[in-house]
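Reader: I've got the model open and would like a close look at just one part of it. Pick a spot where two pieces come together and talk me through it, then follow the threads that lead away from there.

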Amino acid sequence: MEEVCDGKDFSFPRQEEEILKLWERIDAFHTQLRLTENKPEYIFYDGPPFATGLPHYGHILAGTIKDIVTRYQSMNGWHVTRRFGWDCHGVPVEHEVDKKLDIKTRDQVLQMGIDRYNEECRSIVTMYVNEWEKVVTRVGRWIDFKNDYKTMDPQYMESLWWVFSQLWEKGLVYRGFKVTPYSTGLKTALSNFEAGQDYKDVSDPAIMVSFPLIGDPHNGALVAWTTTPWTLPSNLALCVNANFTYAKARDKMTGAVYIVAESRLSQLPSKKPKADPVNGVEGSKVTNSKAKGSVNEKAKSGVDSGQYELVEKIQGSSLIGLKYVPLFDYFSDYSEVAFKVVGDSFVTDDSGTGVVHCAPAFGEDDYRVCLASNVIQKGEGLIVAVDSDGCRYVKDADKDIINAVKVKGRLVSSGSMVHSYPFCWRSHTPLLYRAVPSWFIGVEKIKEQLLECNKQTYWVPEYVKEKRFHNWLENARDWAVSRSRFWGTPLPIWISEDGQETIVVDSIAKLEKLSGVKVTDLHRHKIDHITIPSSRGPEYGSLRRVEDVFDCWFESGSMPYAYIHYPFENVELFENNFPGHFVAEGLDQTRGWFYTLMVLSTALFGKPAFRNLICNGLVLAEDGKKMSKSLRNFPPPMEVINEYGADALRLYIINSPVVHGEPMRFKKDGVFSVVKDVFLPWYNAYRFLVQNGKRLEVEGLPPFVPVDLAELQLSTNVLDQWINSATESLVQFVRQEMDAYRLYTVVPYLLRFINNLTNVYVRFNRKRLKGRTGEEDCRISLSTLHHVLLTTCKVMAPFTPFFTEILFQNMRKVVKVSEESIHYCSYPSASGKREERIEQSVTRMMTVIDLARNIRERYNKPIKTPLREMVVVHPDTDFLEDITGKLREYVIEELNIRSVVPCNDPLKYATLRAEPNFSVLGKRLGKAMGSVAKEVKAMSQADILALESSGEVIFSGHSLKLTDIKVLREFKRPDDVKETEIDAAGDGDVLVVLDLRPDDSLFELGMAREVVNRIQKSRKKAGLEPTDVVEVYFEPLDEDKHVLERILKSHENYVKEALGSPLLHHSVLPPNAVTIYEEEFHGVSGLSFSIRLTRPCLVFDLDAILISYSGNKGFAENLRTYLSSRDHSSLKSEFLAGKGKIRVCCIEDQPAIDVNVGEHLFLTAGDSYVNRG
């Protein structure tokens, strides 16, 4: 393995860019596809974005989810085709062209020509394709941009025609009217999804209008309240709620009788000037009311002022069917079926009057209610009194219409109000709700099938499927799939001039056959001129295509078939693998792409389009607001990637609520935290492996080659057993979660694993990894670390493709692997070889260590201060056996204590108390929670011990397990000791009792640890790497120098083991030693001393050399000069290779000589000191 730099010098972004070059050089993505081409197909559907805007965090989030899942499946033995797709048609593209060409009306398009307009659209469709590819690739996503699909490709469009023709043949297509949000700015209808994108507070008229009932004995008039006076000329019905009670009230001043919901009587106006500043009479104002449709309840009303008297109360159901006098006579032809009272529950009594005026051409509920009441008929002609431009803009007509109503004597009150109103998200003009002619898919006919198909799918999070999506399907309406636009896939419907003959074309070949015209492009300007001769004869003329194009949601919903040109190609591929395995998009797609996928697949095949789905939430700015370029409230994605790397960004967004359908606030600092808390510790563990693997070569030993895994699993070292088992648990857990598509659970588990690897395995095993327990033990521990890191990289490769590749490329150099990339490797399989007892014991050991550290901190007892004893209290004898046996040396060394005492009597040092686990029991027990909680809290210590023994207890008929109850152990201090002498800490599972009393016999050990601590800090200050070999000298600076010398002598073995070399007295410092760092320390536990670090140097025995040269001092000096000039590490390697001997024959005019370590010289002063005693 090649040497690696310090973590602080490691640039994650720069290294990622090197990996991108590697992937490009070996064509990694396509190579992976070739390597798996004979594997089973895993079908992934990638929803097509528009390329008319730049990618943002929402795209990066969805793309990361898709990349993780598809990489995982590829490593699991599937062939996963990944083709990028582009949504090319529809309003977003046309809107960009309209802005570019300053087009404001439909007529302008027709004047310039549809051909020119559509070609302009085509030219901008791929405006940002290069930017998309750059960002997507930089984020590490593997997907094919060269073999992408576009919804404007002829093959894609042809498949749309086939889909529509199948729906036609099934009787699911009809022509009718659809009340939709309509943008007068764009001159087109919008989806409800688009209409919900932009709401603004606006001031609108708020008027009450009277509608006299025909034949009412009191000449009563229903009073309707509206904020859209411009719809009044199109009124065809009034709607009440059958379950409400209505009141007739007579105005004492005018004699007029008004009918409103009893609960809304207070809204009737007073005729006295200024008596009602909210509703008022004609000309008064309604102001400052924010809630949609609300009025000021505190304003003084006509009823409050005594102006009205109650005539009678009427049930809403008795009003239904009554006829009233129309406000205008524009729709007098409808008199037989219209101008009557209808009923529906959409009428509420929290605003208005409890009476709603219905204009079916301008309200979705209005249209639905009038349709249900036979005021209008589905599919029949409907008069829409507003054209595509809004005629004279409708809002401008409000004042004239109000005046007309006033002239007719029908205006009860007039004012204004501020409320939230939908605006076009692109043109920023107010939306209208307007009936437009449209071609429909009869979704209501297949509603039960849709609900059944939904049950066959698996969603993360599940509640989105069971609640949000289920409810949307349950209330599904017929789908208007046509749009009166220009740039889109034309509807394949040809109709004769008399409307008696209709042909739906299902393919290019069929159109060519019927028309005799060669077809190469299916856009409007290429086929609108094509006619089909009538099958009834030439006298019936020709059939012409309807002008409409498909809603772009129909195009994206057809993606599973159209992107592979089914059924014209890839029939076997599709039919063997449908439904697809996986889709992922944002929460908003429950009413968008997920819905259209489900509708079309159910209608066509009676199946869902997908099996598994991940639904992500919305990525918000740090302040909780929507990310906005104008507000600049978020950092650009490439800025974050260039600073912290793509892997850090990937892990950050995956480790958040956004992956299970909830919103997240994006914080740049959060990405940095991932680097700090995950990648740097991970990298440092890897670097420690590389350093100590290289150290073997530096010391002249055979290069590091990992020991076979089978042999590693036979290791008797408890931490080897533990980390191997923990790695197995990691594999099992990640496989389990990935198979369940729960990506968000992986990062927290990985964080804990990396923490355990670095802070437990590497930290506690430093001596073994550094070779201080022998070469064989060193190679076993290094091999274990290599195996764990390599396995972890394979497990995490789908999540962090760059970093795992960086590590793999270096680690593979010491093992026999054929794969050029980690992403070609098979995903680790769970073998089931786990040591659950060891895993649990080590976890508890770390808890014990943390608890003991907390006690030390509380009493200002640093780790360097030795303590006498620690008692570990726990009922599990296996754990106590482990903590005082296999794990004892680690606990003692980490906590600097003399002894660990086990105690399995929980009552010796603690009292027990039980608390219910509300987070677990709350939902389960519901109303019974109170009584059960009371019984749990009343448990005696004997009851608690019985529970811990049996694992179960029953309260109020409910069975409770150990996990349902929190057992709290509270320390019971012995009577004869003070708080400062013994204290304890616990976590509800294990209790740690620490003896804090001073012990003079421990002072010397503490002092030795202080010296070692200063030496380690000096190494860091000198900029030394852990593998750098130096010699360390000390010099006492106190008057009585023997105190420190005696302490270090008595703890010589501890110091040597901690440093990896002997600590030398300054008196043995060779005169030729090169000092690289020196520092003095004063007042350390009352002692002062200096530390000197030097490069290792040779120590010669000149007497022995003189004997070898027969007393020739010149020859002896020449030999000393020559050997001292040699590179120390190279010379050391030569001696090791020669088993402690080298032959020197290169000194001119001097005889050859065999030089032996231990006889003629020592390689270091430490070796000389140790061997000479």
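## Where domain 2 meets domain 3

Author: Let's take domain 2 and domain 3, whose C-alpha centres sit 41 Å apart. Bear in mind that this is a predicted model. Domain 2 covers 846-993 and domain 3 covers 1000-1094.

How many residues of each domain are in contact with the other? There are 8 from domain 2 and 8 from domain 3. Putting the two together buries about 690 Å², with 55% of that on carbon and sulfur atoms. On the domain 2 side, Lys864, Pro866 and Arg898 give up the most area to domain 3, together 75% of what that side buries.

Lys864 is worth a second look, as its side chain forms a salt bridge with Glu1010. The closest N and O atoms of that pair are 4.0 Å apart, and the pair counts because the cut-off is within 4 Å. The tally of salt bridges between the two domains is 1. As for polar contacts across this interface, the search returns 0 residue pairs with both partners at pLDDT 80 or more.

Now for a thread leading out of domain 2. Asp878 pairs with Arg837 in a salt bridge, with 3.6 Å between the closest N and O atoms. Arg837 belongs to helix α30 (residues 836-858) and Asp878 to helix α31 (residues 877-883), so this pair ties together parts 41 residues apart in sequence. Both ends are partly exposed: Arg837 has a relative accessible area of 35%, and Asp878 has 34%.

On the domain 3 side, try Glu1025, which is linked with Asp6, Lys8 and Arg687 in a network of salt bridges. Another residue to pick up there is Glu1031, one of the contacts of Thr1164. Thr1164 lies in the loop between β42 (1161-1162) and α42 (1165-1172), and counts as buried because its relative accessibility is 14%, where the limit is under 20%. Beyond its close sequence neighbours, Thr1164 also touches Pro1096, Cys1097, Val1099 and His1128.

One last stop is the largest nonpolar core, which has 134 residues. Phe666, Trp682, Leu743, Phe799, Met845 and Met870 touch the most other members, and helix α23 (residues 668-698) gives the most to this core, with 13 residues. If you centre your view on Trp682, look for contacts including Leu750, Ile754, Met796 and Phe803.

Terms used:
Residues numbered from 1 in each chain as written. Predicted model: local features only at pLDDT ≥ 70, side-chain atom pairs only at ≥ 80, totals over all residues. Heavy atoms only, no water. Core = buried A, V, L, I, M, F, W, Y, C linked by side-chain atoms within 4.5 Å. Buried < 20%, exposed > 50% of the residue type's maximum accessible area, 1.4 Å probe, protein only. Helix = DSSP H or I, 4+ residues; strand = E, 2+ residues; numbered from the N terminus. Contact = heavy atoms within 4.5 Å. Domains from an automatic or database assignment. Buried area = accessible area lost by both parts, 1.4 Å probe. Polar contact = N/O pair within 3.5 Å; in protein donor to acceptor, adjacent residues only side chain to side chain. Lists of a residue's contacts leave out its neighbours within four places in sequence.
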